[in-house]
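Biologist: Please take a close look at the interior of this protein, beginning with any empty space and going on to the side chains packed inside.

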Amino acid sequence: MRVLVANRGEIAVRLLKSCKSLGFHSTAIYSEEDGTSMHVRQADQAVLLSGNGVQAYMNSLEIVDICKAQRINVVIPGYGFLSENSEFAQLLQDSGILFAGPQPQTITEFGLKHRARELAIRAGVPVVPGTPIITTKEEAARECKRLGYPVMVKATAGGGGMGLFVCREPESLDAAIDTVKSRGAALFKDSGFFLEKYVENARHIEGQIFGNGQGDVAWIGERECSVQRRHQKVLEESPSPFVVKDPRIREKIRTASVALARSVKYRSAGTIEFVVNDDDGEVYFLEMNTRLQVEHGVTELCHGVDLVNMMLLQAQAELNGEGGLRAEELTEISSRPPKGHAIEVRLYAENPADDYKPSPGLFTGVSLPQGDGIRVDTWLERGSVVTPFFDPLLAKVMAHAATRDEALASLKSALASTLLCGPPTNVEFLHALLRAPEVSSGQTLTNTLDRFVFEPCVIDIRDGGLYTTVQDYPGRPNQRSGVPVSGPMDNISFRIANMLVGNPTSTEGLEITFGGPTILFRQDAVIALCGAEFDFTISGEKATMWTRHMVKKGSEVKVGSNTSVGCRAYLAVLGGLPSIGAYLGSKSTTPTLKWGGYQGRTLRAGDVLQMDEASSRLASTMESYTLPESLRPKMETLKTVYALPGPYDTDEFITLAGRESFFNTVWKVSPSSSRGGIRLEGPAPEWSRESGGEGGSHPSNVLGYGYPLGGLSFTGDSAVVFTADSPVQSGFICLQTVLGCELWKMGQLRPGDEVRFSQCSWEQAMDLEKRLDQQLERIVAAVVSGRLSDGELPVSLEIEQPTPGNSILYERPASNDSPRFVLRQAGDSGLLCDFGSQVFDLNARVRAQQLLQQIPDLASQGFEKVTRPHTMSVFIAFDPSKISQSSAAAILINLESKPSVTTTFPSKTYYLPMLFDAEENHRATERYMQTQRPYAIYLPDNVDFIRRNNGLATKDDVLNLVNDTPFVVLASSGLMGLPILMQVDPRKRFTVPKANPSRTFTPAGALGTGGNTSSIYPSPQPGGYMLWGLTLPGCPFDIFGNKPNYSPDRPWLFEPFDQVVYKSVSRQKFDAINRQFQMGMYKIEVEESVFDMAEYNRLVESTREEVAQIRERQERAARIELDKENELLTRWREEQAEAAKAGPREVKSKDALDPRYVRVVASMNAKIWKINFSVGSVVRSDEVLLVLEAMKMEIAVKAPGDSGSYRVAAVLNQPGELVEPGDVLFALDPEVAGTD
């Protein structure tokens, strides 16, 4: 039997489970928003609907057409959508397709509440005193007088709590009627209404039946659903605790339910709902639901049945001409008494602190309960996105036990173990509800929640600030496959903030950049704000930084603008933020990669973060404390930062004069700086070589290598320090590495700040680290005691006489059987094992692979297990507290001298679609020209530059070098598993320099080459490779591992020595494949194989002469292009120098403009990225005038919000121009204010 599941979410998953258990072929339908949803992957096949949102699932005609195309026998609808749509059921019947539910006529009659009352009365079922359909308000008034207030005004076509209104006095009757008629017409296309007596102290109890359509009906017990909010059920249980105390009530409900179902020869599963008066036990018919109920699971647990299976088997019996399930089966089911007790609660993505409004968003962590007696029906998993288009039901959690008390205890425990990391949910509300006396005793009524008070222990983000993220310490050090460290940029201030509130220093807190958030604390809390100076108020009163504050329930904490030196502050909360889930071992956010922290992004207005309840209760017992200024980090205007030489600070790469110039220079921080790297403005180095050889034509280019945190790199002639969110591999030279204990200084640099560097030795670095630890220990002691020890002076964090060390720790020259091996210093906790002399040799790369395979065995000696292999090297980290640099070096030297004999490696070949010369790449190049460098040999067309630089005739020649040819993976440790690739066939290899300076933005999926290696950019990120194509964005790394080819514990795609083959496709085909891939419906083609070095070496030898000719042609062409680039680069530098010579920029201020104009000014150093309006345009208040780019943030500058509209009188800048604080960006004429 072929079954189509006409639903989504948890019920679709539930229905598919039954299809699978019965061996029926299943087809799912889905809207584009649901492309990654669990039910799509669990079906045997899935069909995309043409519409969006709810309307997609309500398109009866399209669903019937799908049924016909897929040869569907049966449609099972679940609940909601088309489950009680008689027209849909009739359409299926007319098309020869069975509807797994009641007959269309049955659905119609019970769908009209006044008609359902008539059928109930005819079957002898007691009904609530009421009326038939009423046509006038006058008639309604007379009936209300007869019935007596309060009354319920009910839309006849209503459902799910919609179209109901309780009226308690005559004065409110007219408004109630208008509301119900309006809702009925709008929601159900029927404005008819009737009245029923409102039972004040009511219980909602319902009976579950199943009919075979022949008049045989099974009674399968009752459920109580009295706990409701706005007529929507929150908690359901079976059996009813009220009925258990009085079995006569059960008999009334059973008799009435079976009689009503038999009277219409009911088919399939159905539920008859009753109102039971708690005062006298009278039972009244409410309505019949002609479908499977949301809460059907508790009945299944207590009665040992599978209602969905029964619905499908009923359909199968009808298809086989058997009429339906046998009467004997139904009789046997009816005879089963309930076994034990089951309770269910519904988990929703809703915000209890904001009137239970739906809260769409991304769930980065999902841990749902398991165990004996626990059942969870859900569609939720890590990476699930709740959209605003559908009901926010996440899961139904059920507990079944021998007694109600045991079931309740089990459910409490289940909810306590539930962790949902993402938008607000009602988990804590449900947990509190289960502890309420009414629920514990079973004395619940439909108005119970009217009296239940829940006060969530959360903080509400009223304004997210400019760039506020969740971070913890130390983030994610030493991860593999391109996972940046993340964590706080200034880990000293971060740790001190945690110390002040009494947290472990690793506890997650908020990192605030430039402009801070406004936060409402729903419960008492203990907080501290440390770092650069910010405006800081608590409930409108100025508050001090570096202080422990006790914040009262209802207080608003506002962190305003950054007011002095530095740019970041850290807000710690006692107990941390427990609802923030860990990703790869850390709660830190990496917003550029959309992972970690709160939904993988910066905080926004409307976000809600859970606080720790136990810590909140402690707040009233704590006292304020301010850290003495002598113990705080010094935020100097001009910072001196200590660094270690290396990995590449040698005469081979930079001259002595270039090195001296670097350390004598006062560097200025660029507006392009961000968490991904602090970019510096200063002179170009004096290189000791003319080009980077195979690494690229610029002398800053090198063959790629694993990068140390704090590495100071030159991307072209522009300097950048790689910080928290930076890549962990690079193809640009790194001359120095900032000490780990000095990185906090880099984190406080802001655009326009000045910094200089000073070299020291590894031993001095370790001594400075030790002194910093001593300082932090003193802070802990001061915080605990509440005072600074008498007579103690602050620990000096300066190095009196810095002594440069050597970046090369060991060097072995090349020999007949061994490549050159250089052991390079790579920061204070890393070593770079470098093979060869910047000329690619896959055999030398094999030596690196052989070395790294031995590292995991050395963990006990102080080595980190994770290594970063690359083109001709491997980066190896060690723990300086366990092993010294010299001892680590000695071990590696010994290991490398004894290589293994392995020459074959497991290899998977991945076939990826490729869009050559994609428009996305051209847009990124245009942005680069606007904001970074306006002209260069590689601008405006990267592909044409690749052609010229390699002596090729046409762009198609470039395409032939990358299409349908195997690339070998040399490394996959760039951001998000970014792979470094090289064509296996040396005849297909080409070379190009990298962008100088590198781009601040590259589109996800971009394919590019730098030097002679290529890559896939998994996400939008900086980069310097020349771009020639586009493949599936995100394919190197699936964040949650839900797509085919990935898993949660292995979210990356590539391993070293895998291979990639690109297949050129059309735009239309690429877009179609990419759409399927992003929805988790496309499986990348993979072949298992082995990479054989002997076979590779035979290819190299057989093509040696041909390759030499190709290289000669490429070198001739590259020399011509390099000469052109040198001319262009010189001109560009001269233009920059002339601009700098002009001295401080004249501030475009009030003196330059008409006094009546409203001036929109810059608040920080930044570059103009985009201007949205021109002179003469009319703009409204709060419209975005232009977008600035600074610190990797796009900052929208809006028109003032205190007027209606303005006319643009002047635009004082152009895209790409640098602006400073106080510069006037726009002049707005207020004469048109308030006009359209």
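Modeller: Happy to. On a 1 Å grid over the protein atoms alone, a cavity is a set of points where a 1.4 Å probe fits but cannot get out, and its lining residues have an atom within 4 Å of a point. Points are joined across faces, edges and corners, and a volume is the space filled by probe spheres set on them. What we have is a predicted model, so local features need pLDDT of at least 70 and side-chain atom pairs count only at pLDDT 80 or more, while totals for chains, interfaces and linings use all residues. Residues are numbered from 1 along each chain as its sequence is written, and side-chain values use heavy atoms, with hydrogens and water left out.

Let's start with the empty space. There are 13 cavities of 30 Å³ or more, and the largest cavity has a volume of about 400 Å³. Its lining is made by 30 residues, and nearest its centre lie P727, Q729, P1022, G1023 and G1024. To place the lining, I use helices (H or I, at least four residues) and strands (E, at least two), which are DSSP runs numbered from the N terminus. At least two lining residues come from each of β41 (729-738), β50 (978-983) and β54 (1021-1023). Of the contributors, β41 gives the most, with four residues.

Next, the packed parts. I call a residue buried under 20% relative accessible area, exposed over 50% and partly exposed in between, with a 1.4 Å probe and protein chains only. Helix α16 (residues 427-434) is largely enclosed by the rest of the structure, because seven of its eight residues are buried. Those residues are V427, F429, L430, H431, A432, L433 and L434.

Aromatic side chains come next. Rings of Phe, Tyr and Trp (its six-membered ring) pair if their centres lie within 6.5 Å; planes under 30 degrees apart are stacked, those over 60 are edge-to-face, and the rest are tilted. That gives 32 aromatic pairs. One of them is W595 with F1037, which counts as tilted because the ring centres are 5.2 Å apart and the planes meet at 50°. This pair ties together distant parts of the chain, 442 residues apart: W595 is in the loop between β32 (568-573) and β33 (608-610), and F1037 is in the loop between β55 (1026-1030) and β56 (1059-1064). Both W595 and F1037 are buried. A stacked example is F662 with F757, at 5.5 Å centre to centre and 20° between the planes. Here too distant parts of the chain are linked, with F662 in helix α21 (residues 656-664) and F757 in strand β42 (residues 754-759), 95 residues apart. F662 is buried, with a relative accessible area of 5%, and F757 is buried as well, at 3%. These two belong to one aromatic cluster together with F663, W667, W687 and F714.

Rings also have charged partners. A charge sits over a ring if NZ of Lys or CZ of Arg is within 6 Å of the ring centre and within 35 degrees of the ring normal. The charged end of R927 lies over the ring of W1169, 4.0 Å from its centre, and that of K1043 lies over F1077, 5.3 Å from the ring centre.

For a polar site, look at S486, in the loop between β24 (468-471) and α19 (491-501). S486 is buried, with a relative accessible area of 3%. A polar contact is a pair of N or O atoms within 3.5 Å; within protein, one must be able to donate a hydrogen and the other to accept it, and residues adjacent in sequence count only if both atoms are side-chain atoms. One such contact, of 2.5 Å, joins the side chains of S486 and T590. Taking contact as heavy atoms within 4.5 Å, and leaving aside neighbours within four places in sequence, the partners of S486 include Q471, R476, S588, T589, T590, R675 and D725.

Finally, some backbone details. The loop between β32 and β33, home to W595, also holds L584. L584 is not a glycine, yet has a positive phi of about 50°; it is partly exposed, with a relative accessible area of 27%. A cis peptide bond with omega of about 10° joins G646 and P647, and P647 is in the loop between β35 (638-645) and α21. Another cis peptide bond joins S238 and P239, with omega of about -5°.

Note on methods:
On a 1 Å grid over the protein atoms alone, a cavity is a set of points where a 1.4 Å probe fits but cannot get out, and a pocket is an open set with protein on both sides within 12 Å along at least five of seven lines; lining residues have an atom within 4 Å of a point.
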